[in-house]
Amino acid sequence: MNFIDSYSGLNSPDRDRFARICRKLLATTFIVKDRDEQSRSDFFFVRGASRLEMFNEYFQFIGYCVKVDETAGIVMLANSGSGSVKSNRVQFRLYESVVLCSLWLLYEAKMTSDGLRAIMVTKAELDMEIERLGYANKIDKNYMQAALKKLSSFNLIDVIGEITEPDCAVRLYPSLRFCMEAFVEQAVPKMKAGKNKPETEEDTENEE
């Protein structure tokens, strides 16, 4: 069955839902089942074999595919690998790359044999990891807020509380694992190169 036939078979509410989820994936890349009830509902809507095929038929025309990881509870929009489409890549500033790398290292350290799941870390743990990487004096409150807000917009994390408060925490989602391959390849070398340089527009942009 082709996309037109599959789409025609949806009722009106499901057509609206299909369109909303497509826009959501283009905007955020990830749907994380355990983030909230809406995300959980969207995850199960996509994962069915017939609907997943329909999403992939739709996105293949613009060089993307939709992947589902049942263990992690993740739906991800990814390059299909069928060409050289490299649009909609996110450019990370140096301080954003440092924060992302720090959160990833914390996630890896706390991940257990139970498998991929959401993990909570404290703001103090994040600060210590940033200090360990040698950037403690380069990322102030405003940079930190901006970086965490951006990462949250891609369903990688959620911030619990205000970052200026001692009980602030960050919930890390398993989607972090799925964004890191390109990050490690593209951004980490630039991050290391920029460690001892003043922040400028030119030397701090990294590709997710």
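Let's start at T29: setting aside neighbours within four places in sequence, T29 is in contact with K24, V75, M76, L77 and F154. Keep in mind as we go that this is a predicted model. T29 sits in the loop between α2 and β1, and with a relative accessible area of 22% the residue is partly exposed. Another residue worth locating from here is V66: T29 and V66 are 37 residues apart in sequence, yet their C-alpha atoms are 9.5 Å apart in space.

Now for helix α2 itself, where D14 is found. D14 has a relative accessible area of 18% and is buried, because the cut-off for buried is under 20%. Not counting residues up to four places away in sequence, D14 touches F45 and R51.

F45 takes us on to helix α3, which spans residues 37-47. The buried residues of α3 are S39, D42, F43, F45 and V46. They cover an arc of only 165 degrees around the axis, so they lie on the same side of α3. What covers these buried residues? The cover includes helices α2 (12-28) and α4 (49-59), along with strands β1 (30-32), β2 (64-69) and β3 (74-79).

Next comes K123, which lies in helix α6 (residues 123-132). Is K123 buried or exposed? K123 counts as buried, at 12% relative accessibility. Leaving out residues up to four places away in sequence, K123 touches M144, I163, C168 and A169.

Here are the three residues visited so far, side by side.

| Residue | Location | Relative accessible area | State |
|---|---|---|---|
| T29 | loop between α2 and β1 | 22% | partly exposed |
| D14 | helix α2 | 18% | buried |
| K123 | helix α6 | 12% | buried |

Finally, let's look at how α6 packs with α5 (residues 94-110): the two helices meet at an angle of about 110 degrees, with their axes 9 Å apart. Angles of 65 to 115 degrees count as roughly perpendicular, and α5 and α6 are therefore roughly perpendicular to each other. The crossing of α5 past α6 is right-handed. On the α5 side, the residues involved are V98, V99, S102, L103, L105, L106 and K110, and they meet E125, L126, E129, I130 and R132 in α6. By class, this contact of α5 with α6 has seven nonpolar residues, one polar residue and four charged residues.

Key: Residues are numbered from 1 along each chain as its sequence is written. This is a predicted model: local features need pLDDT of at least 70, side-chain atom pairs count only at pLDDT 80 or more; totals for chains, interfaces and linings use all residues. Side-chain values use heavy atoms; hydrogens and water are left out. Helices (H or I, at least four residues) and strands (E, at least two) are DSSP runs, numbered from the N terminus. Buried means under 20% relative accessible area, exposed over 50%, partly exposed in between (1.4 Å probe, protein chains only). Contact means heavy atoms within 4.5 Å. Axes are lines fitted to C-alpha atoms, for helices over the stretch in contact, and angles run from 0 to 180 degrees between N-to-C directions. Angles under 35 degrees count as roughly parallel, over 145 as roughly antiparallel, 65 to 115 as roughly perpendicular and the rest as oblique. A crossing is left-handed if the near helix is turned anticlockwise from the far one by less than a right angle, and right-handed if clockwise. Ala, Val, Leu, Ile, Met, Phe, Trp, Tyr, Cys and Pro count as nonpolar, Asp, Glu, Lys and Arg as charged, and the others, Gly among them, as polar. The arc is that of the directions from the helix axis to the C-beta atoms.
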